[in-house]
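Let's take a walk through this one together. Keep the viewer open and follow along as we go.

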2 protein chains.
Amino acid sequence: MHSDELPTPAEVVDASRRIAPFVLRTPVVRSRILDEWLGVSAWLKCEHLQHAGAFKYRGATNAVQLLEARTAARGVCAHSSGNHAAALALAARVRGIAAYVVVPADASPAKRAAVTAFGASITECAPTLEARERALDEVRAATGAHEIHPYDDRGVIAGAGTAALELLEVQPELDVLVVPVGGGGLLSGTCLAARRHDRPVRVIGAQPAGADDAARSLAAKALIRQADPRTIADGLRTSLSERTFAVISAHVESIATVSERDIVTAMRVVWQRTGHLIEPSAAVAIAAVRLLAFAPRTQVGIVVSGGNVDVGALPW
Amino acid sequence: MHSDELPTPAEVVDASRRIAPFVLRTPVVRSRILDEWLGVSAWLKCEHLQHAGAFKYRGATNAVQLLEARTAARGVCAHSSGNHAAALALAARVRGIAAYVVVPADASPAKRAAVTAFGASITECAPTLEARERALDEVRAATGAHEIHPYDDRGVIAGAGTAALELLEVQPELDVLVVPVGGGGLLSGTCLAARRHDRPVRVIGAQPAGADDAARSLAAKALIRQADPRTIADGLRTSLSERTFAVISAHVESIATVSERDIVTAMRVVWQRTGHLIEPSAAVAIAAVRLLAFAPRTQVGIVVSGGNVDVGALPW
């Protein structure tokens, strides 16, 4: 991929200014108990408390606000079974434009309800990538809406990076940033934010062993698409794109992979002991920090990516 | 009760300075979805993110830090089935003194585990008030430890009030403060913090209908003890003391009572839609705000009192 098509650290700073009136500057919190469990000094950037329940609202807002008025007027669209759908629906509502979301029939009722609550139009389709893309093509043809991809989009990546930017403002002495990786929007945005920081910050991605395309791609030095993801972390079942892979492979130190059991344990420990209701994808980053066993007092920044879980159906 | 024995607004300010090195200055957060559900502008003081998972750590820390060295050296003790036990255990550990906690046999395993994790000695007893007091007398006789009551204590009340003090610093334009009431430590501390504020702030208590001694006491203008509490809100099954009743009856506007169903609904809405893992006692305040139906854009401060729930046994 040509470097002209890649987002830059400056775009993260621009995004931060652009989205400031709309997004929550979420708290950065400490937890004594979590520090003991992880063996580090952990700084949690609470994106599970973000509007629409995930960091996704940052990227969706940046992308929606970047649109020229004429394009925006026709609305925005995406296919998504998860947090991007709700984030885009809310970002569109805030700008006062229409959102059309293609949702597979197996999407969770809780996530579907959020999309509807934010006023987006839902088109249901069969739960395959082909069906989703076909349905989205039809929506686009019928409405003229502009597609905003959940991660393969410069504006979305730059917006996602603003979470790490804010985290580094609160604690500039971070040694390492650990974030989950699915499509790579959050991880590549985090790389850009780290590059802009005035002291070196290691960046590590965290991925379920059952959906480890980023780890394998990094090892192979070539993009390997996720074929058959098997993980409870529903936000991380997607594949990197050429764009996110290019940013990630240039900057990321490593990708840690964690087992399903470690994900559920981390999620339960965080729920039980810290008061934070985090989703499995966010627990992947926590589990990775425990697994990585950093030196004591390492200052670890973790982007807690989201908190959208069906609380009526828990994995324990 | 003679007014000399009552805590003052100045003691809350003193407590705030005293405990600052030890307690978390918890975040104050907004939630767009919660605002819509409640019909107000809600400002949540996140004491479920406090050390030991509840505002109780503020009062316990203040009381423990207030002790003279000679008294402190013999340790502290209390009987408690809940958040005060864990809070006192941690406050004692931080000061480097012993804590002896009498815990009834029916206390939740999760809460017991927290007390043990913080290094306190546990004495188990039968689950009646008489058995608890007898066991505590024996512990005190054997150890010489100083009892720190969970709420009928000036230092504990003043410490509890620091949560509202910080909330008012973040949003000085609050119209009303709503906090749950059990023994009345948090509510009386909140009254003192509100009195110190430079513009009037209404203070409302929130109580389960099945444990409504504060509401009945306020109506009767005399302390009526809680006889047979029946509520899921395990932190609110206690009775006011003469001390907390005196402060509350002088300052509180009203006590709102909510049904068990409203408590569970509020807890589930907060869990599902906001990313905050709050305990039933905290949900009582949220449910009360919904019930009270304030005028739109009323600025409502809510002290989210705690987040200690056994996540393996949920009420839905």
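What follows is a tour of some helix packing, a few buried spots and a couple of unusual backbone angles.

First, a word on what you're looking at: this is a predicted model. It scores ipTM 0.88 and pTM 0.92. Chain A averages a pLDDT of 95, and 100% of its residues score at least 70.

Let's begin with a helix pair in chain A. Find helix α1 (residues 9-19) of chain A and helix α8 (residues 154-170) of chain A: they pack with their axes 8 Å apart, at an angle of about 80°. Since anything from 65 to 115 degrees counts as roughly perpendicular, that angle makes α1(A) roughly perpendicular to α8(A). On the α1(A) side, the contact is made by Glu11(A), Val12(A), Val13(A), Ala15(A), Ser16(A) and Ile19(A), and on the α8(A) side by Arg154(A), Ala158(A), Gly159(A), Gly161(A), Thr162(A) and Leu165(A). Sort those by class and you get six nonpolar, four polar and two charged residues.

Now hop over to chain B. Here helix α1 (residues 9-19) of chain B packs against helix α8 (residues 154-170) of chain B at about 80°, with 8 Å between the axes. So α1(B) and α8(B) are roughly perpendicular to each other. The residues that meet are Glu11(B), Val12(B), Val13(B), Ala15(B), Ser16(B) and Ile19(B) from α1(B), facing Arg154(B), Ala158(B), Gly159(B), Gly161(B), Thr162(B) and Leu165(B) from α8(B). By class, this contact of α1(B) with α8(B) has six nonpolar, four polar and two charged residues.

Staying in chain B, have a look at helix α5 (residues 83-95). How does its length check out? At 1.5 Å a residue, its 13 residues should span 18 Å, and the end C-alpha atoms of α5(B) are indeed 18 Å apart, which agrees. Of those 13 residues, 10 are buried, so α5(B) is largely enclosed by the rest of the structure. The buried ones are Asn83(B), His84(B), Ala85(B), Ala86(B), Ala87(B), Leu88(B), Ala89(B), Leu90(B), Ala91(B) and Ala92(B). And what covers the buried residues of α5(B)? From chain B, the cover includes α3 (56-66), β3 (76-79), β4 (99-104) and α6 (109-117), and chain A pitches in with α2 (32-38). Right after α5(B) comes Gly96(B), with a positive phi near 80°.

Another covered helix in chain B is α9 (residues 185-196). With 12 residues at 1.5 Å each, α9(B) should span 16 Å; its end C-alpha atoms are 17 Å apart, which agrees. The expected figure comes out that way because the span is 1.5 Å times one less than the number of residues. Like a lot of what we're visiting, α9(B) is mostly covered, with 10 of its 12 residues buried. Those are Gly185(B), Leu186(B), Leu187(B), Ser188(B), Gly189(B), Thr190(B), Cys191(B), Leu192(B), Ala193(B) and Ala194(B).

Next, zoom in on two single residues. Ala135(A) sits in helix α7 (residues 129-143) of chain A. Is Ala135(A) buried or exposed? With 10% relative accessibility, Ala135(A) counts as buried. Setting aside neighbours within four places in sequence, Ala135(A) is in contact with Val102(A) and Cys125(A). Val102(A) is 33 residues away along the chain, yet its C-alpha atom is separated from that of Ala135(A) by 6.7 Å.

The other one, Gly275(B), is in the loop between α12 (260-274) and α13 (280-292) of chain B. Gly275(B) has a relative accessible area of 2%, so it is buried. Which residues does Gly275(B) touch, not counting those up to four places away in sequence? They are His48(A), Leu49(A), His276(A) and Leu277(A) from chain A, plus Val270(B). For a long-range pair, try Gly275(B) and Ser31(B): 244 residues apart in sequence, but 9.7 Å apart C-alpha to C-alpha.

Finally, two residues with positive phi that aren't glycines. Arg297(A) has a phi of about 70° and lies in the loop between α13 (280-292) and β10 (299-304) of chain A. Its relative accessible area is 66%, so Arg297(A) is exposed. In chain B, Ala293(B) has a phi near 50°, and lies in the loop between α13 and β10 (299-304). Ala293(B) is exposed too, with a relative accessible area of 56%.

Note on methods
Residues numbered from 1 in each chain as written. Chains lettered and ligands numbered in written order. Predicted model: local features only at pLDDT ≥ 70, side-chain atom pairs only at ≥ 80, totals over all residues. Heavy atoms only, no water. Axes fitted to C-alpha atoms, helices over the stretch in contact; angles between N-to-C directions. Helix = DSSP H or I, 4+ residues; strand = E, 2+ residues; numbered from the N terminus. Parallel < 35°, antiparallel > 145°, perpendicular 65-115°, else oblique. Contact = heavy atoms within 4.5 Å. Nonpolar A, V, L, I, M, F, W, Y, C, P; charged D, E, K, R; others polar. Buried < 20%, exposed > 50% of the residue type's maximum accessible area, 1.4 Å probe, protein only. pLDDT = per-residue confidence, 0-100.
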